[in-house]
Amino acid sequence: MALLPILCYPDPRLHKVAKPVTVFDERLQQRVADMFETMYDAKGIGLAATQVDFHERLIVIDVSEDRDQPLVLINPEITWASEEHHVGDEGCLSVPGIYDGVERSAAVRVKAQDAQGQSREISAEGLLAVCIQHEMDHLLGKVFVEYLSPLKRNRIKTKMLKLQREAR
Ligand code: K1U
Ligand code: ZN
């Protein structure tokens, strides 16, 4: 297994649109394992392939307290989203240290394949629903700060670039 480097906002590769996964082979299983290792190491509750510079529709999630309920969503599609919306604070491993409110559907149903290519549909609410929507945005090249005002977004961009310069 391996820890993968996570792209940091405003890296332009975070805006690439991911393509469907078509091959369910050993390399994919290895990538899923590496993404889980990377997500757990970074103390995240989710990670999209886009964030580790792999541009296929693959997400890993674990919102459980004990970090023992891994969920792999490959080629995820939202089949239903509630009309009820909630605003909740979100963070992102690609925008470290920044948390802000984003409005999302309170509940969703998602059809996706697992690492073996088996299809299933899951229902999600609460933090899991928020996390799925956040990670699916990554696959479309969208980072949560794009929901914020241009003023906030530009401040965040400036702060991130400064931190990246200082880390060099
Ligand atoms: O996509 C990512 O970078 C992972 C991100 C997922 C996420 C967190 C919170 C709301 C929506 C999506 C994170 O894991 S950020 C770090 C984190 O562990 C966290 C932050 C806020 C609440 C709960 C967890
Ligand atoms: Zn994120």
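In this predicted model, the zinc ion (ligand 2) is held by three donors, namely SG of Cys92, NE2 of His134 and NE2 of His138, at 2.0 to 2.3 Å. Donors here are N, O and S atoms within 2.8 Å of the metal (3.2 Å for Na, K and Ca), and because water is not among the atoms, sites may look incomplete. Along the chain, the donors of the zinc ion follow the spacing C-x41-H-x3-H. His134 and His138 are separated by about one helical turn, because they stand four residues apart in helix H2 (residues 126-139). Helices (H or I, at least four residues) and strands (E, at least two) are DSSP runs, numbered from the N terminus. His134 has a relative accessibility of 7% and therefore counts as buried, and His138 is likewise buried, with a relative accessible area of 0%. In these terms, buried means under 20% relative accessible area, exposed means over 50%, and partly exposed lies in between, with a 1.4 Å probe and protein chains only.

Residues are numbered from 1 along each chain as its sequence is written, while chains are lettered from A and ligands numbered from 1 in the order in which they are written. Local features need pLDDT of at least 70 and side-chain atom pairs count only at pLDDT 80 or more, whereas totals for chains, interfaces and linings use all residues; side-chain values use heavy atoms, with hydrogens and water left out.

From the metal, the description can pass to the other ligand. There are 14 residues around ligand 1, and those that come nearest are Lys43, Ile45, Gln51, Leu93 and Glu135; a residue is near a molecule or strand if one of its heavy atoms lies within 4 Å of it. Helix H2 supplies the largest share of this shell, four residues. Glu135 has its place in helix H2 and is buried, with a relative accessible area of 4%. An N or O atom in the side chain of Glu135 is 2.7 Å from an oxygen atom of ligand 1, and an N or O atom in the side chain of the zinc donor His134 is 3.1 Å from an oxygen atom of ligand 1. The backbone also takes part, since a backbone N or O atom of Ile45 lies 2.8 Å from an oxygen atom of ligand 1. On its own, ligand 1 has 500 Å² of accessible area, and the protein covers 84% of that area. Accessible areas come from the Shrake-Rupley method with a 1.4 Å probe, and for residues only the protein chains shown count as cover.

Which residues of the loops make polar contacts with their own side chains? A polar contact is a pair of N or O atoms within 3.5 Å; within protein, one must be able to donate a hydrogen and the other to accept it, and residues adjacent in sequence count only if both atoms are side-chain atoms. Arg57 is found in the loop between strand S1 (46-48) and strand S2 (58-61), is buried at 10% relative accessibility, and reaches the backbone oxygen of Pro76 with its side chain at 2.6 Å. Ser64, in the loop between S2 and S3, is also buried, with a relative accessible area of 11%. The side chain of Ser64 is joined to that of Asp62 by a polar contact of 2.6 Å, and a polar atom of the Ser64 side chain lies 3.0 Å from the backbone nitrogen of Asp68.

The backbone itself has some features that deserve attention. Most residues other than glycine have a negative phi, and most peptide bonds are trans. Asp53, in the loop between S1 and S2, has a positive phi of about 60° although it is not a glycine, and with 33% relative accessibility Asp53 counts as partly exposed. Arg67, which is found in the loop between S2 and strand S3 (71-81), has a positive phi near 55° and is partly exposed, with a relative accessible area of 27%. The peptide bond from Tyr9 to Pro10 is cis, with omega near 10°, and Pro10 is placed in the segment before H1. Pro12 lies in the segment before helix H1 (26-41) and is exposed, with a relative accessible area of 63%.
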